[in-house]
Amino acid sequence: MGVNKLWTLLKAIARNVSMETLEGKTLAIDASIFLMQFIYAARDEEGHMIKNAHITGTLRRILKLLNYRIRP
C-alpha cells in the first residue's frame, strides 16, 4: 500500500508545517493509512484489537483537521 520509498524520494524537499499554517486549505488524505495505523496500534491490555478502533481513530483525526479549519 502506498508508494514504495516515497519519503526517501521526498526527503530533500520535505518539511514540517504547523497545523495553523494549513487553516482554510483543502488537503487530500489517504484514509487507508489512518485505518491501517489504528488497526495495528489500537490494542487492549491482552493485545486484542479494540472493536471499531479504526473507525473511531480515523474520525478523531478528521475532526482534529476540521477543528483547525482544514478541509479534508
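**Packing of helices α2 and α3**

The side chain of Thr58 approaches the backbone oxygen of His54 to 2.7 Å. In this predicted model, Thr58 belongs to helix α3, which comprises residues 53–67. Thr58 has a relative accessible area of 9% and is therefore buried, the threshold for that class being under 20%. When neighbours within four places in sequence are set aside, the residues in contact with Thr58 are Phe34, Leu35 and Phe38. These three residues are among those that α2 contributes to its contact with α3.

The arrangement of the two helices was examined next. The axes of α2 and α3 come within 8 Å of one another and cross at roughly 130°. Because of this angle, α2 is classed as oblique to α3; the value falls neither in the range of 65 to 115 degrees that counts as roughly perpendicular nor over 145, where helices count as roughly antiparallel. The handedness of the crossing between α2 and α3 is right-handed. On the α2 side, the contact is formed by Phe34, Leu35, Gln37, Phe38 and Ile39, and on the α3 side by Ala53, His54, Gly57, Thr58 and Arg61. Sorted by class, the residues in the contact of α2 with α3 comprise five nonpolar, four polar and one charged. Both partners of the polar approach described above, Thr58 and His54, are thus included on the α3 side of this contact.

Tyr40 is located in helix α2, which spans residues 31–41. With a relative accessibility of 59%, Tyr40 counts as exposed, since that class begins over 50%. Tyr40 and Ala53 stand 13 residues apart along the chain, and their C-alpha atoms are separated by 9.7 Å. Ala53 is itself one of the α3 residues that meet α2.

Two residues other than glycine with positive phi values were also noted. Asn52, with phi near 60°, is situated in the loop between α2 and α3. The relative accessibility of Asn52 is 38%, so this residue counts as partly exposed. Arg69 likewise has a positive phi, near 60°, and is found in the segment after α3. At a relative accessible area of 60%, Arg69 is classed as exposed.

Note on methods:
Residues numbered from 1 in each chain as written. Predicted model: local features only at pLDDT ≥ 70, side-chain atom pairs only at ≥ 80, totals over all residues. Heavy atoms only, no water. Helix = DSSP H or I, 4+ residues; strand = E, 2+ residues; numbered from the N terminus. Buried < 20%, exposed > 50% of the residue type's maximum accessible area, 1.4 Å probe, protein only. Polar contact = N/O pair within 3.5 Å; in protein donor to acceptor, adjacent residues only side chain to side chain. Contact = heavy atoms within 4.5 Å. Axes fitted to C-alpha atoms, helices over the stretch in contact; angles between N-to-C directions. Parallel < 35°, antiparallel > 145°, perpendicular 65-115°, else oblique. Left-handed = near helix turned anticlockwise from the far one by under 90°. Nonpolar A, V, L, I, M, F, W, Y, C, P; charged D, E, K, R; others polar.
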